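Trainee: I should like to take a close look at the salt bridges of this chain. Please describe where the paired side chains lie and how they are placed with respect to the surface.

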Amino acid sequence: LSRSGGTGTLAQWVLVELQGEVEPRQSGDLAGSLLGDLHYTCEGIPVLIVGHHILYGKVVQLEKPFAVLVKQGGASQPSPVGPHGHYTVTALIKTKLLFKTRPKPIITHVPKKV
Amino acid sequence: AAMRSRAEVDATLQTAKLNPAELLPAVHCLNFGPQAGSGECCLLQLEPGLCAELEAGRSLVIRGEKDEHAVLCSKDKTYDMKIADTSNMLLFVPGCKTPEELKADQASCNIIHSQIAGFSKNYWELRRCRPKLKKLRKLLMEDPYEGPDSQKDQASTFSKYTTEDLLNLIQASEEEILHQLQVIDACKIEGYWRILDFNYEMKLLNHVTQLIDSESWPLSKVPLCACLEELGSLEPREMIEHILLSYGRKYVDDGEVFFEMHEDKICRAIAQMLLQNAVKFNLSEFEEIWQHSVPEGMTTRLDQLQGLALVDKSTRPGTIFLLKVEDLPEDNQERFNSLFGIREKWTEVDITPYIQDLCAEKQTVGALLTKYARSSMLNGVKVYNSRRPIS
C-alpha cells in the first residue's frame, strides 16, 4: 500500500519530451553525464543541442498536469499489477518542452580551441 | 565531470552556427542527476481537481492489495490506474525555467546547471471509477454483532476493523467509505465498526415498534428519552439509539430529541425476515402475512422491496423470492451474467434496482442495458436478455 503526501509547497518541475532513446555517450553510468545545452530563442522557442544534433521544440502548457512520484525505501520491484510500495509526491509538472522535430545534425570541421 | 563553462557553451553555439543574438542570454546545461537511471521516479497524470488538491496540501493515496488492481484515492473520489506508453522519452527536470520566467527574472545568472531527476517512457493514467465497496460489507459480515449477551464476541477470533483498518483494506476514498458505512447502518462498538446480525437487529426493532404501539406514539414523533428509559433494561442504550437512527430520522423539537420512523424501511426489513425462511413464497399469501406483520398504521407495498426481492408473475399464482442486490457481483459483466442466469428475460422495471448501483458518474441504466444486454419484444413488452448464449 502506498501513500503520497503533499509537502508544504510543491516544487514545479518541467518535462522535456524527446523522441527516441536516451543513451550515454560513454558506456557506463548515465549519472552525471551531460545531455546537452538548452537555449531559448528570443521568441521563446526552446533549442536543445544534444551531441551533434540541434533540436527545435515548443513550450506546451499541459492540459493535465503530472505529479512526480518518488518511491520510498528499498530496491524498486517491478510490479505488473500496480505501483505497490510507498510513494511521495515530490513535484508537479505543468509545462513541457516538446521536441518533435527531426534533429538537425551539426557539421563540425575543426573544433575551436577554448 | 566538471561543470560546463560559459566559454564551452559559447563554443558549442558557434559550432552549431546559432546566433547568440537571437537567443535569450541564459542557458540550461542539462546533466543526468545521480539517481536519474534508478527508475525510482514515475509520472502520474492528474485528472482535473487533483492538482489543486495536491497544491492545497492534501494527500492522494494508492490502495490495493497484491491481487487487486491499484486505485488512487483522493479525499472523496476513487480512480482506476493504468499505464500509458508513449513512444517518446520523458525527462523530468527540476529548476528548469520557461522563457517567460527567464524574461521576467532579469537578474538570472547566465548558466543554470540543471540535473535531470529521472526519465520514463510511460506514465500512470487515471480514470474515475466506482469505489470498490463490496469488500466493506464482506469484511464486516465476517463477524456480525449479535448483542452484548452473545458468547461469540468474547471468544471471537475474527478480525475486527477500525476506521484505519478499513482505509487500508478498501479501495475507495475515505469519504466514500464513511458514507457507505452509514448506508449499511454500521455502528462503532468499542472502536470497531460492526454490522448487526440481522436477527439481533430485528429483535431491537421489534422492541421499538412494540413500544411505539403500546404507547400509541405517532410514527413521526417517537421520543428518544422515553425509549431509552423503557428499553434500557433490555438492551444497551447505544443499541437502542442505533436502531432508532437506522430506521428513523432524528430531529429536535422544543429541545427534545424525536425520531420520524421510516415506514418503508421497516416494512422492507420485516419482508426480509419473512422471505429468508423459504426459497420462495406464493405471492398473495406473502402479501397477506407481510401486511399483518408490520406495525399498526403502516402499509406494505411491493415497491418497498426493490433490490431485495423479485416477483415472478410468469406462473399463477405469482411467486416472490429473496434476491439482494448486495449479494450480487460488483463487476458489471459478472453482475449481468448473474442476473441473466437467474432469469432469462428482464423488463427494464424489474432489472433497474439490480443494476442501478453500477452506473458511473453520468451513466444511465439505459446506457448500461445497451452495452450489456440485447433487447427484444415479448408479448408487446420490451425485454432484455444476455448478449451471450447462456450455458
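Mentor: Asp303(B) is partly exposed in this predicted model, its relative accessible area being 44%. Its partner is Arg301(B): the two side chains meet in a salt bridge, with 3.1 Å from N to O. Arg301(B) has a relative accessible area of 35%, so this residue also counts as partly exposed. The pair does not stand alone, for Asp264(B), Arg301(B) and Asp303(B) are linked in a network of salt bridges.

A second pair is formed by Arg335(B) and Asp357(B), whose closest N and O atoms are 2.9 Å apart in the salt bridge. This pair links distant parts of the chain, 22 residues apart. Arg335(B) belongs to helix α13 (residues 332-342) of chain B, whereas Asp357(B) sits in the loop between α14 (348-351) and α15 (365-372) of chain B. The two ends are placed unlike each other with respect to solvent. Arg335(B) has a relative accessible area of 2% and is therefore buried, the cut-off for that class being under 20%. Asp357(B), at 38%, is partly exposed.

A third pair joins Arg194(B) to Asp143(B) in a salt bridge, with the closest N and O atoms 3.6 Å apart. Arg194(B) lies in strand β9 (residues 192-194) of chain B and Asp143(B) in the loop between α4 (134-140) and α5 (152-155) of chain B, so the salt bridge ties together parts that are 51 residues apart in sequence. Both Arg194(B) and Asp143(B) are buried.

These pairs can be set against the model as a whole. Over all chains, the count of salt bridges comes to 21. Chain B carries 45 positive and 60 negative side chains, and the centres of these two sets lie 8 Å apart. Side chains of opposite charge can pair when their charged atoms come close.

The fold around them has 15 helices and 18 strands in chain B. The radius of gyration of chain B is 31 Å, well over the 21 Å that the globule rule gives for 391 residues, so the chain is more spread out than a compact globule. Along its principal axes, the C-alpha trace of chain B spans about 100 × 60 × 45 Å. Of the 391 residues in chain B, 45% are buried. Among contacts in chain B with a separation of 6 or more, 62% are between residues 24 or more positions apart. The accessible surface of chain B comes to about 20,400 Å², and carbon and sulfur atoms account for 49% of it.

Note on methods. Residues are numbered from 1 along each chain as its sequence is written. Chains are lettered from A and ligands numbered from 1 in the order in which they are written. This is a predicted model: local features need pLDDT of at least 70, side-chain atom pairs count only at pLDDT 80 or more; totals for chains, interfaces and linings use all residues. Side-chain values use heavy atoms; hydrogens and water are left out. Helices (H or I, at least four residues) and strands (E, at least two) are DSSP runs, numbered from the N terminus. The radius of gyration is taken over C-alpha atoms; the globule rule is 2.2 Å times the number of residues to the power 0.38. Buried means under 20% relative accessible area, exposed over 50%, partly exposed in between (1.4 Å probe, protein chains only). Contact means heavy atoms within 4.5 Å. Accessible areas come from the Shrake-Rupley method with a 1.4 Å probe; for residues, only the protein chains shown count as cover. Lys and Arg count as positive and Asp and Glu as negative; His and the chain ends are not counted. The place of a charge is taken as NZ of Lys, CZ of Arg, CG of Asp or CD of Glu. A salt bridge is a side-chain nitrogen of Lys or Arg within 4 Å of a carboxyl oxygen of Asp or Glu.
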